[in-house]
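Below is a short report on one chain. It moves from single elements to the whole fold.

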Amino acid sequence: MADEPVLRVKGLTKHFPVTEGLLWMKVVGAVKAVDGVSFSVKQGETLAIVGESGCGKTTTAKLILRLEEPTSGQVFVDGKNVHALAGHELSEYRTTVQAVFQDPWSSLPPRMRVQDIVAEPLVINRSVPAAVIKERVAAMLSRVGLRPQQAALYPHEFSGGQRQRIAVASALVSDPKLIILDEPVSALDVSIRAQIMNLLVDLQREYGVSYLLIAHHLATTRYMAHEVAVMYLGKLVERARTKTLFENPLHPYTKALFSAALPAHPDIVRQEIILPGEVPSPINPPSGCRFHPRCSYAMPQCAEVVPEEKTLAGGHTVACHLY
């Protein structure tokens, strides 16, 4: 099916057990890191998941990359259930889905030469002749703005921005359909961020690859994403096309999140929304809507009834009793 999304996530849940005691360990609760999220990413598009630290964004990425097993729910890439794959299908999945991590200083193996780092996805998962690999690595390095002569160097001989380019080259070399970008520019200098963001956008247009962008920086999101999903305490509270969401945020949490970001121009006057209290603990999240203890619009039913996700005009979905 041409319309089949590259990535489809259905009711994804991950609870980490909380234990007490040293000898006789007793499970006393669970950290509800991700609690029943569903979304999809179309071919050649970027979906950004945004939210504060600890809202479950990175756990969601780990579940898609098979670095964690879900408590319940499913992840489908190209229509195949990711957590049920084995053998040849698993190798194929590992070439189809790649990742670029936040910290370019620790994500590259320090004792491997750049040519081996970039070639790794091809060497491990595909039987490709050595001459073809060498050619592909050289082409990929020059595509991300590095010189093919730098292939024999080690990661410590590069700057942070160059390392992130190496990570992008390695992610793209196996011709993947989906790349998970976990805060790909937040560890870089501001001057280099724009270069890496432009590179990622250009590569997406050129190769038709889909991105799942994990971010908390709203300017990055606005520039790179086609669609944005807002996450709070393990649940998605709102999802819409980027332009729609930035022009008309509906959920009280989304409004607060956007009001905290710096405006695009110093003269823009915006209402500042200060949220009371701290983010509640994911071990014992509030009943009903998880945002209700900090929400200025909270009604009695918000504390009791979990809001259903409602789809409004233009595919804009929001989980809030106000709508």
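Buried means under 20% relative accessible area, exposed over 50%, and partly exposed in between (1.4 Å probe, protein chains only). Helices (H or I, at least four residues) and strands (E, at least two) are DSSP runs, numbered from the N terminus. This is a predicted model, in which local features need pLDDT of at least 70, side-chain atom pairs count only at pLDDT 80 or more, and totals for chains, interfaces and linings use all residues. Residues are numbered from 1 along each chain as its sequence is written, and side-chain values use heavy atoms, with hydrogens and water left out.

**Two helices and their cover**

Helix H9 covers residues 252-260. Seven of its nine residues are buried, so H9 is largely enclosed by the rest of the structure. The buried residues are Pro252, Tyr253, Thr254, Ala256, Leu257, Phe258 and Ser259. Their cover includes S3, H7, strand S9 (227-232), strand S10 (235-241) and helix H8 (242-247).

Helix H6 (residues 190-207) has 18 residues. From first C-alpha to last, H6 reaches 26 Å, close to the 26 Å expected at 1.5 Å a residue. The expected span is 1.5 Å times one less than the number of residues. Buried in H6 are Arg193, Ile196, Met197, Leu199, Leu200, Val201, Leu203 and Gln204. Strand S3 (46-50), helix H4 (130-143) and helix H5 (160-172) are among the elements that cover them. So are strand S7 (178-182), strand S8 (210-215) and helix H7 (218-224). Gly208 follows H6 and has a positive phi, near 65 degrees.

**The nonpolar cores**

A nonpolar core is a set of buried Ala, Val, Leu, Ile, Met, Phe, Trp, Tyr and Cys residues joined through side-chain atoms within 4.5 Å. In soluble globular proteins, nonpolar side chains tend to be buried together. The largest core here has 55 residues. Val118, Leu141, Ile166, Ile179, Leu181, Tyr211 and Met224 touch the most other members. Apart from that core lies another, of 31 residues, including Ile64, Val82, Leu178 and Ile214.

Which residues does Ile179 contact, leaving aside its neighbours within four places in sequence? Contact means heavy atoms within 4.5 Å. The partners of Ile179 are Gln98, Ala99, Val100, Ala171, Leu172, Val209, Ser210, Tyr211 and Leu212.

**An antiparallel sheet**

Two strands pair if DSSP finds at least two bridges between them. Four strands form an open sheet in the order S2-S1-S4-S5, with antiparallel pairing. Strand S2 (26-41) and S5 stand at the edges, each with a single partner strand, so one side of each is left without a neighbour in the sheet.

S1 and S2 are joined by 12 bridges. Leu12 has Val37 in S2 as its bridge partner. Strand S1 (residues 7-20) also pairs with strand S4 (residues 72-77), over five bridges. There, Thr13 stands opposite Ser72 in S4. S4 in turn pairs with strand S5 (residues 80-81) over two bridges. Phe76 is bridged to Asn81 in S5, and Val77 to Lys80 in S5.

Two hairpins belong to this sheet. The hairpin of S1 and S2 has five residues between the strands. The hairpin of S4 and S5 has two. Leu22 lies in the loop between S1 and S2 and is exposed, with a relative accessible area of 83%. The C-alpha atoms of Leu22 and Asp78 are 44 Å apart, with their positions 56 residues apart along the chain.

**Positive phi values**

Most residues other than glycine have a negative phi. Some positive values in this chain are tabulated below.

| Residue | Phi | Place |
|---|---|---|
| Gly21 | near 85 degrees | hairpin of S1 and S2 |
| Asp78 | about 55 degrees | turn of the S4 and S5 hairpin |
| Asp175 | about 60 degrees | loop between H5 and S7 |
| Glu183 | near 50 degrees | loop between S7 and H6 |

Asp175 is partly exposed, at 48% relative accessible area. Glu183 is buried, at 10%.

**The whole chain**

The chain has nine helices and 12 strands. Its radius of gyration is 21 Å, close to the 20 Å that the globule rule gives for 323 residues, so the chain is as compact as a globular protein of that length. The radius is taken over C-alpha atoms, and the rule is 2.2 Å times the number of residues to the power 0.38. The C-alpha trace spans about 65 × 60 × 45 Å along its principal axes. Buried residues make up 46% of the chain. Among contacts between residues at least 6 apart in sequence, 63% join residues at least 24 apart.
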